[in-house]
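Open the model in your viewer and keep the sequence panel beside it. The stops below go from one residue pair outward to the whole chain.

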Amino acid sequence: MPTTTGKPTTLLAELTHRCPLHCPYCSNPVALTRSRGELSTEEWQRVLTEARALGVLQLGLSGGEPLVRRDLEAIVAHARGLGLYSTLVTSALGLTRERAVRLKDAGIDHVQISFQDAEREGAERIAGTPSWDAKHAAARWVKELGLAFTVNVVLHRANLDRLAEIIDMAAALGADRLELANTQYYGWAVTNRAALMPTRAQVERSVEIVDRAVERYRRRMQIIYVLPDYHSEFPKPCYGGWGAHYLVVAPDGRVLPCHAASDITTLTFDTVRERSLAWIWDESAAFRAFRGDAWMREPCRSCPRKHVDFGGCRCQAFALVGDAAATDPVCTLSPERYRIDAMLDAVASPEPTYRYRTMPGAAPAVGARAGDEG
């Protein structure tokens, strides 16, 4: 197996797990990193310097909520000095117009704001806290400052019936790009899967709605939409293959091939506090584990699609089968596909009850029911 398949182009820097939202689909691990375990300003700046030397061009500044870091502007300025294209991935809670100006002056290029629904009550119930006004005000400031602007909405059973309204809301906000991201069942979403999974009818309707919207907004707003994994015939490629183009640095410095990889408990992920980013990318056992195709078993090993979808998602295989080297059960050629079909057949439509995302020791989310707190 070759040491590497190339160099990374994109780094997602998860600056913190702290967040004012409590979204039940959050992809952060259930075991969240407390603030005292986070990388310092200087450590993050070193990570970005090493990433640029490794070939990274695009930087996502994410969390949790990156705005809770008081040193965010210093990190953004360092990225600008390195020539990185930087995107702030944010809930927008805590963003003032003054701070938006400081971030622009520091060098932020692009802002992606998450929205939960097209109407206040549903949005704030999903977020677990009042957030509607803050998000809409932040969208206005981003547009006024001339920054590239993306709206991101995670789709699930509670909001899919308002998909057309969600698309129109993003257009009214002036979004250059709309990402309609179907829930991926990692982290907190696994705990809430029964409440989040859409019905077949919802998914079928969503395709027609998006197709019409793409035509309607073709010259105004790019719309990105992909069918949910569980409703697909074949799995999606994981960032162009495991450890091929993409890496994530978690708040505590662990380096991952994707944001959900920490759920694979059979792998050990090295940290930038102990190893250089280049060594981790090229030599670490975790990044080498599923590169290339030598690790594949049947039916993947002899499948003509193995260099198209790379066997599917390793995190999903581990979550559903307990074996990260298994064929992604989403694939209709997988002997484990029956697990997906059983979950789809079992989807009902009761009023969803969520276990809201909370930091250890934090108060329960607004609207959480008894037993729902993290």
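**Two neighbouring crossovers**

Select Gln-58 and, opposite it in strand 3, Tyr-85. The model is predicted, so read each stop as a description of computed coordinates.

Now extend the selection to residues 58-62, which form strand 2, and residues 85-90, which form strand 3. These two strands are paired in the parallel sense, with four bridges between them. To follow the connection, add helix 2, residues 72-82: the chain leaves strand 2, passes through this helix and arrives at strand 3. The β-α-β crossover made this way is right-handed.

Next, keep strand 3 and select residues 110-115, which are strand 4. Strand 3 and strand 4 run parallel and are joined by four bridges. Which residue of strand 4 is the bridge partner of Leu-88? Pick Val-111 to see that partner. Then show residues 97-106, helix 3, which together with strand 3 and strand 4 makes a right-handed β-α-β unit.

**The whole chain**

Clear the selection and colour by secondary structure: the protein chain holds 13 helices and nine strands. Turn the C-alpha trace along its principal axes, where the spans are about 55 × 50 × 45 Å. The radius of gyration is 20 Å, which agrees with a compact globule of 374 residues, because such a globule would have a value near 21 Å.

Switch to a surface view last. About 15,500 Å² is exposed by the protein chain, with 52% of that supplied by carbon and sulfur atoms. Of the 374 residues, 55% are buried. For contacts between residues at least 6 apart in sequence, 73% join residues at least 24 apart.

Conventions:
Residues numbered from 1 in each chain as written. Predicted model: local features only at pLDDT ≥ 70, side-chain atom pairs only at ≥ 80, totals over all residues. Heavy atoms only, no water. Pairing = 2+ DSSP bridges. Right-handed = clockwise from strand over helix to strand, strands pointing away. Rg over C-alpha atoms; globule rule 2.2 N^0.38 Å. Buried < 20%, exposed > 50% of the residue type's maximum accessible area, 1.4 Å probe, protein only. Contact = heavy atoms within 4.5 Å. Areas by Shrake-Rupley, 256 points an atom, 1.4 Å probe, with all protein chains shown as cover.
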